[in-house]
Amino acid sequence: MKQKVMNQTRRKLIIGGAAAASTPLWLNVANAQAETIKIGFPTPLTGPFSAEAQDQVKAAELAIKEFNDAGGFNGRKAELLVRDDKLNPGEAATRTLELIEKDKVNFVVGSLSAATQLSINAVCKERKVLFNSISQSDAINEAKDWSVYTFHESLNPTMTAGAVARYSIPRYGKKIVFLTADYAYGHEMVRAFERAGKELGATTLADIRHPLGASDYSAFLPRIKALNPDILVLCNFGRDLVNAAKQCTDFGLKSSMKIVTPVLLYTSRLAGGPEAFEGILGGTGYYWGLEDRIPTAKTFNDAFRKMYNGSVPSDYGALGYAGIKSVLASIKIAKSTDTMKVVAAMENLKYDWYKGPEYYRKCDHQAVQTVIIVESKSKNMKDKYDVFNILTIEPTTEKNMRTCAELGHKA
Amino acid sequence: MTGLTFELLCMQLLTGIALGSIYALLALGLCLIFGMLNVVNFAHGAFFMVGAFLGVYFLGITGNFWFSLILTPLLTGCLGLVTEKFLVRPLYGRGLDYPLLLTFGLSYVLIEVMRITFGIEGLPSITPDGLSGTVNVGIGYFPKYRLFLIGATAVIIIGVWLFIQKTRYGLIIKAGAADQEIVKVLGVDIAKVWLLVFGLGCAIAGLSGILASPTRSVNPEMGIPILAESFVVTVVGGMGSTVGAVVAGLLVGVVYSMTSLFFPDLSELSIFVLMAVVLLMRPQGLFGKAGAMG
Amino acid sequence: MNSFFQLIARHRVLASTLFLSVFPFIMPYEALAINILIFGLFAMGFNLLFGYMGLLSFGHAAFLGIGSYLTGISIVHYGLPWGTSILIGVIGAAIGGLLMGFLAIRTRGIYFSMVTLALGQIVFYIFYKAESLTGGENGLRGVRVDTFNIFGIPVDFLNPLVKYYIILTFVVLAIWLISRILNSPLGAVMEAIRENEKRAAACGFDVAKTKLLVFVLSAAICGLAGSLRALHLSIVPIDSLHYLQSGQAVMMSILGGMGTFFGPFIGAAVMLYLEDVVTTFTKHWMAVLGLVFMFFVLFFPKGIWGTILSKLQINQDSK
């Protein structure tokens, strides 16, 4: 018995060892000059943000179509390879591996949640593939996660929370309470709001953390009421925001304090309804209502309406559009699909796709852009899309962003 | 801690009781099914979610909260009947794990069906008109709906208790839970009893869903954390004990609420710690029978 | 045909290894094949406890997660070489198994499932809160394996096929270990406890100690799967630790056939492959998965592999 076992063991080791040590077929991982330009697009098509994700896809397809209709690049057309990352970082990594290794994409654009973009970024940077993230996060700009292949199209919490702070504190008061989703993104929002608030003399009475995805906020509300702040900042996102807004309304908090939120999604407002969001203001990267004052917004909206039956793009949709357009434009400028050449072209790109002039900051490839402050409205709504009043547009400036040094970038 | 007053503590306690009422009701449903059928319904959270959706939907189209409140549990109850008859019953006798696993798979399907029917976003929940707003309870302003919640669940729990203790059907259910063989010998169609109890359990889950819907957002994933929380309550109270389910439900709600006051980021963890502690010190739960299940 | 299967049964580790060596060529892409390796190992480790001992744990994701995180943290924060990091991950998971097992085996039946679920969730929260080490919700990023040398030959870990065979080496070792355990007297005691715990105790076996030992072994194997996962994906997602991940292990075991040697692996392969394929056709993969799972629970409780085996009337005891 022992001898037999040892024979089996030996056999195992030999075969296993041979398999591992032998140099297998060497796959050509280099991006072949295939006919179409392939752009991978991982996004959470299933899960709580599928509405936003589908908007991203729609707008991205619009960008691809515009590029192809204009003749493409040297006759080569672009193709969007959409994959469902299920809002799950592990799945996002697998999908990105699939896109790079199997589909041999030239570039990757996409992601929606803070966590998935970081995992997609991790996979892309190791394999030297350009990734333009359309998800909000402060972390991706930091030197730890960043790479020369990383671009960040979307706003980050420093910009949005800061803008909301700068708007609301002078108008509503200096005593602040935070109701924060207890995860990295929530903390980033608090940090950014406090940073801007400090310059305006604001004080934080409390930072109340709730578990991510909590459905019942009632446990936190009596304390908030007792603290009696001037401003309540809801540092959460998506469904959490909808829940929180609803319950704050239920508990009658609006009568004694102003409720603001760093990121007010169009889709969240639609899901929550006019009553829950009445009086709540927040920041966003895009609202279709901009078309009255910004010409490219109107062009974008009209193209979107034409392609999609009169519906308007949401904030995340606009990011999907811009993310793709920047990459495609850079290909044309670089006259090549070679990654480093496109990176160089994108670094120097000056563009205006949908909201006014933008460019990428050199040290961290962050798209420098405006922040729009909107307030939810419940009366005088022209149609079902008319849900926000635009209060102000904070202009494009690097002053409101964290400095390169702060983020850990040298030089 | 700044601003810690007696009033605040009382408000927090009241909030905890409102939260706990939902837990108690959910646990009651789970407990009935387990006590009678020895089945752990892993789809309980999903039935809760279905109840919330149906409730909001009917409230939206009829505008009548009471009508939805009666119709919803009937529908989830029927769904429960169908589940028992065709999915769970074939698995009796195969061991404790199989119905559990089946209901686990069922929850996946129910979530997806709701996504397909009502969309991935979920529905905006509506607080019925007469019950919205806050009311002065002496120590502060408390939402009217949550007071209603406490009252309504109390009424329902007492109703179920009366049903089990004072009616013939209740007697049969209790007897069946104690000893199935004898009940069969006495000529009762035990299969019908199983059917009805499972249906009742699911009806209660659906009822919890519609009652809870104005307090939270109604979306297909809302049942997933609820399931874990229901298990915590059931284990703390004791697997087969209805009294345990109610007491533990309120206890868990209060623990969550009070932890939120002092250590808000640990609130979700606190109930699992409570469960672990109870299991280590008194494995059968607060009101469970010793040695019943471990 | 029968004798062919008997041959496989007797040399199951060898057969598994051969099959897995050609596996990446029949899968649409290597990353999927690697995922199947990892989750196959996860399911097999889980199955030690579930199929062979009859203990349904809903907290096994904790070990997958501990393995992943400890390996990841060793590489990212402490710059340790990947081999050492894997070892740390496995040992960490084993310790976790010791702690969790010690607390859980005091309970039986459904309570066991619930305790493990609760304890698993506690582990989840601990790792979630330790944001500076684990990245919290964002997960741990930057788990990289640089090109290294075996006997002077450079091995590029980024090459998908190379990565597959390296991971396969570990998986094969683990499979061999599992096979040895099951063939040993310990394996017989395990099955005895599953069939009739009281009788096993009456025969003089220390049931509690056996349960704990198997719990720890099971945890260590799941920990290894987790370590390999961290290296594969370059990240560690926080939901590795959630009870839904534990539920996946259960599903894979049932699908493949609990209580069979290779069944969980088949279950993992089928489930992951289906998920991959179904996702391209429909958004409603969750419903498909749930329906398939229910179908198996109702009609093929032995799972795919278990049903195949019993149909061929191979003696189940030799598995």
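These are my notebook entries on a predicted model with chains A, B and C.

**Entry 1: confidence**

I started with how far the predictor trusts its own complex. It gives an ipTM of 0.84 and a pTM of 0.85.

Then I went chain by chain. Chain A has a mean pLDDT of 87, and 91% of its residues reach 70 or more. Chain C averages 86, with 97% of the residues scoring at least 70.

Where in chain A is confidence lowest, and where is it highest? The low end is H1(A), at a mean of 46, and the high end is strand S9 (residues 258-261) of chain A, at 96. I also noted that pLDDT stays under 50 over residues 1-33 of chain A. For that stretch the model still has 37 contacts beyond four places in sequence.

I asked the same of chain C. Its lowest confidence is in helix H1 (residues 2-10) of chain C, at a mean of 70. Its highest is in helix H4 (residues 61-76) of chain C, at 94.

**Entry 2: where A meets C**

Next I looked at the contact between chain A and chain C. I found 46 residues from chain A and 44 residues from chain C taking part. Together the two chains bury about 4,200 Å², and 62% of that is on carbon and sulfur atoms.

How many salt bridges are there between chain A and chain C? I got four. One I looked up joins the side chains of Arg95(A) and Asp276(C), at 2.9 Å from N to O. For polar contacts across this interface, I noted nine residue pairs, both residues at pLDDT 80 or more.

Which parts of chain A give two or more residues to this side? They are helix H1 (2-21), helix H3 (89-102), helix H4 (114-126) and helix H6 (184-199) of chain A. H1(A) has the largest share, 10 residues. I put a reminder beside that one: H1(A) is also where chain A has its lowest confidence, at a mean of 46.

By class, the side of chain A that touches chain C has 22 nonpolar, nine polar and 15 charged residues.

**Entry 3: where B meets C**

Then I moved to chain B and chain C. Here the contact takes 42 residues from chain B and 38 residues from chain C. The buried area is about 3,800 Å², and carbon and sulfur atoms give 80% of it.

How many salt bridges cross the interface of chain B and chain C? I wrote down zero. Polar contacts do turn up, in three residue pairs with both residues at pLDDT 80 or more.

On the chain B side, H4, helix H9 (223-237) and helix H11 (267-281) each supply at least two residues. H4(B) gives the most, with 14 residues. I sorted this side by class too and got 32 nonpolar, four polar and six charged residues.

**Entry 4: an aromatic pair in B**

I searched the whole structure for aromatic pairs and found 47 over all chains. I picked one to look at, Phe42(B) with Phe104(B). Their ring centres are 5.5 Å apart and their planes are at 80°, so I filed the pair as edge-to-face.

What does this pair tie together? Phe42(B) lies in the loop between helix H1 (6-37) and helix H2 (44-62) of chain B, while Phe104(B) is in helix H4 (residues 97-118) of chain B, so the pair links parts that are 62 residues apart in sequence.

**Entry 5: a salt bridge inside A**

Last, I counted salt bridges over all chains and got 35. The one I looked up here is between the side chains of Asp302(A) and Arg305(A), at 3.0 Å from N to O. Both sit in helix H10 (residues 295-307) of chain A, and because they are three residues apart there, about one helical turn separates them.

Notes. Residues numbered from 1 in each chain as written. Chains lettered and ligands numbered in written order. Heavy atoms only, no water. pLDDT = per-residue confidence, 0-100. Helix = DSSP H or I, 4+ residues; strand = E, 2+ residues; numbered from the N terminus. Contact = heavy atoms within 4.5 Å. Buried area = accessible area lost by both parts, 1.4 Å probe. Polar contact = N/O pair within 3.5 Å; in protein donor to acceptor, adjacent residues only side chain to side chain. Nonpolar A, V, L, I, M, F, W, Y, C, P; charged D, E, K, R; others polar. Phe/Tyr/Trp six-rings, centres within 6.5 Å; stacked < 30°, edge-to-face > 60°.
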